[in-house]
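Work through the exercises below with the model open beside you. Try each task before you read its solution.

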Amino acid sequence: MGAYTTVAKNHFKLNKAAKGANLNAHKIQSFSEEMDFLFGEGANITFGRNIVSDGRGSIYVDKGATLEIGDGVYLNDGFKLSCKESVKIGAGCLFGPDVKIYDNNHKFTKEEGVSFEHTTRPIEIGEKCWIASNVVILAGTKIGNRCLIGAGCIVHGEIPEGSKVTQQDNLVIEELK
């Protein structure tokens, strides 16, 4: 059948995942057959028109959490989104391969170490952003409209509209002796 599910299959898969959640999805979607969805009880999910996903990926929305994805968003292979509070992605955004978005993190203390409990903070990504390959977007991030986030960046905090973000890791190249 090809890389994409049909419109009817998309809605069957989405509706099956959304049992107990509030799903508002336009009928025209091109989710890859390898895209997995897990929506918790009372989750609020809105998918705009013409969202396309290539290859494998997963979208997890916890109970009571809110996910909004605007029109014309492209999700490349390896896309992963974990939403335990709120993630909003504006229209026209393009995501490169292996982008990860987490509005949550495990609690950690010096005394107890890591816990299965989570802290959460909302994520907002403006319209028409290009998020390149292997980017990780962390809890509490707000990216303005028309931003370019370069490959391999780990993003947190506020990125102003119209910004280009790159990581300044320098390669050290030496002659072998």
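Two strands pair if DSSP finds at least two bridges between them. Strands (E, at least two residues) are DSSP runs, numbered from the N terminus. This is a predicted model: local features need pLDDT of at least 70, side-chain atom pairs count only at pLDDT 80 or more, and totals for chains, interfaces and linings use all residues. Residues are numbered from 1 along each chain as its sequence is written, and side-chain values use heavy atoms, with hydrogens and water left out.

**Exercise 1. Sheet partners**

Task: Find the residue in β10 that stands opposite Glu68.

Solution:
- Step 1. Locate the two strands. Strand β7 covers residues 66-69, and strand β10 covers residues 86-89.
- Step 2. Check the pairing. β7 and β10 run in the parallel sense, with 4 bridges.
- Step 3. Read across. Lys88 in β10 is opposite Glu68.
- Step 4. Place the pair in its sheet. The order is β1-β4-β7-β10-β15-β18-β21, an open sheet of 7 strands with parallel pairing.
- Step 5. Look at the edges. β1 (22-25) and β21 (158-159) each have a single partner strand, so one side of each has no neighbour in the sheet.

**Exercise 2. Another sheet**

Task: Which strands stand at the edges of the sheet that contains β2 and β22?

Solution:
- Step 1. Write the order: β2-β5-β8-β11-β16-β19-β22. These 7 strands form an open sheet with parallel pairing.
- Step 2. Take the edges. They are β2 (29-30) and β22 (164-165); each has a single partner strand, so one side of each lacks a neighbour in the sheet.
- Step 3. Test one pairing. β19 (residues 148-149) and β22 run parallel, joined by 2 bridges.
- Step 4. Name facing residues. Leu148 is opposite Lys164 in β22.

**Exercise 3. Cysteines**

Task: How many disulfides are there?

Solution:
- Step 1. Recall the chemistry. A disulfide is a covalent bond between the sulfur atoms of two cysteines.
- Step 2. Apply the cut-off. The two sulfur atoms must lie within 2.5 Å.
- Step 3. Test Cys147. Its closest cysteine sulfur is in Cys129, 4.9 Å away, which is too far for a bond.
- Step 4. Test Cys153. The nearest cysteine sulfur is that of Cys147, at 12 Å, and Cys153 is in no disulfide.
- Step 5. Give the count: 0 disulfides.
- Step 6. Check burial (buried means under 20% relative accessible area, exposed over 50%, partly exposed in between, with a 1.4 Å probe and protein chains only). Cys147 is buried at 2%. Cys153 is buried at 1%.

**Exercise 4. Ring pairs**

Task: Describe the geometry of the pair Phe37 and Phe47.

Solution:
- Step 1. Know the rule. Rings of Phe, Tyr and Trp (its six-membered ring) pair if their centres lie within 6.5 Å; planes under 30 degrees apart are stacked, over 60 edge-to-face, and the rest tilted. The count is 6 aromatic pairs.
- Step 2. Read the values. For Phe37 and Phe47, the centres are 6.4 Å apart and the planes make 65 degrees, an edge-to-face pair.
- Step 3. Place the rings. Phe37 is in strand β3 (residues 35-39) and Phe47 in strand β4 (residues 44-47), 10 residues apart. Both Phe37 and Phe47 are buried.
- Step 4. Repeat for Phe79 and Phe95. Their centres are 5.4 Å apart with planes at 70 degrees, so this pair is edge-to-face.
- Step 5. Place these rings too. Phe79 is in strand β9 (residues 79-83) and Phe95 in strand β11 (residues 94-95), 16 residues apart. Both Phe79 and Phe95 are buried.
- Step 6. Find the cluster. Ring pairs link Phe31, Phe37, Phe39 and Phe47.

**Exercise 5. Buried or exposed?**

Task: Is Ser53 buried or exposed?

Solution:
- Step 1. Find Ser53 in strand β5 (residues 51-53).
- Step 2. Read its relative accessible area. At 0%, Ser53 is buried.
- Step 3. Contrast two loop residues. Asn50, in the loop between β4 and β5, is partly exposed at 44%. Arg146, in the loop between β18 (142-143) and β19, is partly exposed at 49%.
- Step 4. Check their backbones. Phi is near 55 degrees in Asn50, a positive value in a residue other than glycine. Arg146 also has phi near 55 degrees.
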